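Let's take a look at this one together, a question at a time. Keep the 3D view open while you read.

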Amino acid sequence: MGTFSRVFGSRQPTPIKVRYQDGEPVEFERRPARRGTRFLVIDVRERWIEESAWPFPSPMPVGGDRLRCWRVTARSAEDLDAPEREFVLRMRAGPGVWDLVRVAE
């Protein structure tokens, strides 16, 4: 990690580890496993798929990045009395690489 990233933070979404059941996220926590806060998904508000073109020239007529997205409300697993917060979970196609975007309040 460069000095710039440490000082100003990363510009990319936070990578996370997600446990899901029947195709829906049920629990997530930040990675790397520095024992970040674990969240339990309370409700899935919205689902959609985002598609984008490859960021470089390609001979393939189709392709790009395909993301399955969920807008969820979640609560900290350590403090179940805490208020619910809203997040967007995104899963990239392939091996299931997830990232997290906190929805501004």
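Q: In which strand is S76 found?
A: One thing to know up front: this is a predicted model. Look along the chain for the strand that holds S76, and you land in strand 4.

Q: Is S76 buried or exposed?
A: The cut-off for buried is under 20% relative accessible area. S76 comes in at 12%, so it counts as buried.

Q: Which residue's backbone nitrogen does the side chain of S76 reach?
A: Setting aside neighbours within four places in sequence, S76 is in contact with T37, R38 and F39. Its side chain also reaches a backbone nitrogen at 3.3 Å, and that nitrogen belongs to E78.

Q: Over how many bridges do strand 3 and strand 4 pair?
A: These two strands run antiparallel to each other where they pair. One of the partnerships puts S52 across from D65 in strand 4. For strand 3 and strand 4, the bridge count is twelve.

Q: Which residue in strand 3 stands opposite F28?
A: Strand 2, residues 24-30, pairs with strand 3 in the antiparallel sense, over three bridges. Follow F28 across to strand 3 and you meet F39.

Q: How many residues does the largest nonpolar core have?
A: Nonpolar side chains tend to be buried together in soluble globular proteins. Here, the residues with the most contacts inside the core are I16, F28, V72, F87, L89 and W98. Strands 1, 3, 4, 5 and 6 each supply at least two residues of this core. The full core has 14 residues.

Q: Which residues does W98 touch, not counting those up to four places away in sequence?
A: W98 is one of the residues with the most contacts inside the largest nonpolar core. Leaving out residues up to four places away, W98 touches P15, I16, V18, Y20, W70, L89, R90 and M91.

Q: What distance separates the C-alpha atoms of R90 and I16?
A: R90 lies in strand 5, and it is buried because its relative accessible area is 16%, with the cut-off at under 20%. R90 and I16 are 74 residues apart along the chain, yet their C-alpha atoms are separated by 9.7 Å.

Q: What is phi of D22 near?
A: Most residues other than glycine have a negative phi. D22 sits in the loop between strand 1 and strand 2, and it is exposed, with a relative accessible area of 77%. Its phi is a positive value in a residue other than glycine, near 55°.

Key:
Residues are numbered from 1 along each chain as its sequence is written. This is a predicted model: local features need pLDDT of at least 70, side-chain atom pairs count only at pLDDT 80 or more; totals for chains, interfaces and linings use all residues. Side-chain values use heavy atoms; hydrogens and water are left out. A nonpolar core is a set of buried Ala, Val, Leu, Ile, Met, Phe, Trp, Tyr and Cys residues joined through side-chain atoms within 4.5 Å. Buried means under 20% relative accessible area, exposed over 50%, partly exposed in between (1.4 Å probe, protein chains only). Helices (H or I, at least four residues) and strands (E, at least two) are DSSP runs, numbered from the N terminus. Contact means heavy atoms within 4.5 Å. A polar contact is a pair of N or O atoms within 3.5 Å; within protein, one must be able to donate a hydrogen and the other to accept it, and residues adjacent in sequence count only if both atoms are side-chain atoms. Two strands pair if DSSP finds at least two bridges between them.
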